[in-house]
Structures are given as C-alpha cells and as structure tokens.
Amino acid sequence: MATSTSFICSLCQEDDETNTAVTWCPECEVFLCSECQKHHGRSKMSKHHQVMSVHDYQNLPKSMLNIKNNCEDHDLRALEKQKTEAISRVHIMRRSINDHLDKLEESLLNDIRSEFTNLQDTIGNLKSEIDNKTDQIEEKRRDFSKMVQFSTDLQIYFGLHELEKVLKQEEQYIQDLKSADNLREKNMIFDCFDLESTVRGTTALGKL
C-alpha cells in the first residue's frame, strides 16, 4: 500500500498558489484541485478526459507512473535511429551519384582518346600514302630526265606516253582523295552536356 502523500494542484502552482490536489488527469498529466477540476471538466478540450482521485493515483504501480518517461526514451531512441538511417541513406546516395559520374567521366575520356587515336592513324596512313606517291612521281621525273639526256626521240616519245599515264593515275588518285573527303581538315568535335546547370538547378536531394 502506498503511503498517503499530498499533491499540489499543477495549475494553481503555476500561479504560485498551493492548493491541494484532489484528482489526477492522466491525459493532461496534471494534478487538479477541486476548483480547477470543475474548469477542467467544463473545458471543450478536456471535458471527456477520465480523471482519477489522488488516492487511486498513489495506488498505481510504479511501472505505470513511469510509462510517460519510458515512452519518451523509446521515442528518442527511435528518432535517433531514424536520423542515423536518414544520414546514411544520404551518404549512400551521394556516393552512388559520385560513382556514376566517375564512370561516365571515364567512359567519355576513353571515347575521346579512342577518337583521337583513330584520327591520328587516319592522318598518319594518308600521309604515308601521299609520301609514297610523291616518291614514285619523283622517281619517274628522274627517269624522264635521264631519258631526255640519253635516249632517242622515239624512246622519248614512248617515255612521255608512259609518263602521261602515270600522271593521269596520280591525278585520279588526288581526285579520289578529294571526293572521299580524305584531304579535308580533321576535327574532333566535342559536345559537353550542360549537366552543371542541371545540378545547380537541383535544390534538394530528398525531403522529410
């Protein structure tokens, strides 16, 4: 059996008065004197609250009296866990975004390197091919110079005829290069998507 103890009305105590409480309201968690109990019973907010006498309150098990504090502790632990989980999810999302951007960056850099290598090889092959053609023409020129010096008119005539064939072939080769755009200046055009504006336009990563 609990020892009888007097309790001061919680509402009166706020006005520095010490009127003895006669009831306890579990929902408001306040002690009430007889006068305050009347107002409490007439108030729209509390008229349906089930109050108990101070005597009954004193006979409540201690575990029931501690329910409020236990609930508060439980709520705080739950909120702390939710906060930790929310922060963890934000960090995971940020790492996921960073990883994805890193992969996009590496893929784009590989494409740039690959395109440069292809253009470099194309230009190198074309240069080698033109150099070979130039060497062949130069060789024909030297042969013709010798032929003019040491050959008969008939030999020169046939030599000129052969040289004309070679020149026509080389002219056709140049025309083929032009028609295939092989002589056009090579450029590597890069179009960077405006992701920065998209990121700056994002005002939040989530919401509560």
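Of the 208 residues in the chain, 13% are buried. The model is a predicted one. The accessible surface of the chain is about 17400 Å², and carbon and sulfur atoms hold 54% of that surface.

**Secondary structure**

The chain has seven helices and three strands. Read from the N terminus, the elements follow the order α-β-β-α-β-α-α-α-α-α. Among the helices are H1, at residues 10-14, and H5, at residues 67-150. Strand S1 covers residues 23-25, and strand S2 covers residues 30-32. For contacts with a separation of 6 or more, 49% join residues 24 or more positions apart.

**Nonpolar cores**

In soluble globular proteins, nonpolar side chains tend to be found buried together. Here the largest nonpolar core has seven residues: Cys9, Cys12, Cys25, Val30, Leu32, Cys33 and Cys36. A second core, separate from this one, has five residues, including Trp24, Phe31, Val54 and Tyr57.

Cys25 is one of the residues of the largest core. Which residues does Cys25 contact, leaving aside its neighbours within four places in sequence? They are Val30, Leu32, His40, His49 and Val51. Val30 and Leu32 also belong to the largest core.

**Two residues with positive phi**

Most residues other than glycine have a negative phi. Asp16 is not a glycine, yet its phi is positive, and Glu29 likewise combines a positive phi with not being a glycine. The table sets out both residues.

| Residue | Phi | Loop | Relative accessibility |
|---|---|---|---|
| Asp16 | about 60° | between helix H1 and strand S1 | 73% |
| Glu29 | about 60° | between S1 and strand S2 | 33% |

Asp16 counts as exposed because its relative accessibility of 73% is over the 50% cut-off. Glu29, at 33% relative accessibility, counts as partly exposed, because that class lies between 20% and 50%.

**The largest pocket**

The largest pocket holds about 390 Å³ of space. Its lining includes Leu101, Leu104, Glu105, Ser107, Leu108 and Asp111. Phe190, Asp191, Cys192, Phe193 and Leu195 line the largest pocket as well. Which helix gives the largest share of this lining? Helix H5 does, with six residues. By residue type, the lining of the largest pocket consists of seven nonpolar residues, one polar residue and three charged residues.

Methods. Residues numbered from 1 in each chain as written. Predicted model: local features only at pLDDT ≥ 70, side-chain atom pairs only at ≥ 80, totals over all residues. Heavy atoms only, no water. Core = buried A, V, L, I, M, F, W, Y, C linked by side-chain atoms within 4.5 Å. Buried < 20%, exposed > 50% of the residue type's maximum accessible area, 1.4 Å probe, protein only. Contact = heavy atoms within 4.5 Å. Helix = DSSP H or I, 4+ residues; strand = E, 2+ residues; numbered from the N terminus. Areas by Shrake-Rupley, 256 points an atom, 1.4 Å probe, with all protein chains shown as cover. 1 Å grid on protein atoms, 1.4 Å probe; cavity = no way out; pocket = protein on both sides within 12 Å on 5 of 7 lines; lining within 4 Å. Points joined across faces, edges and corners; volume = space filled by probe spheres on them. Nonpolar A, V, L, I, M, F, W, Y, C, P; charged D, E, K, R; others polar.
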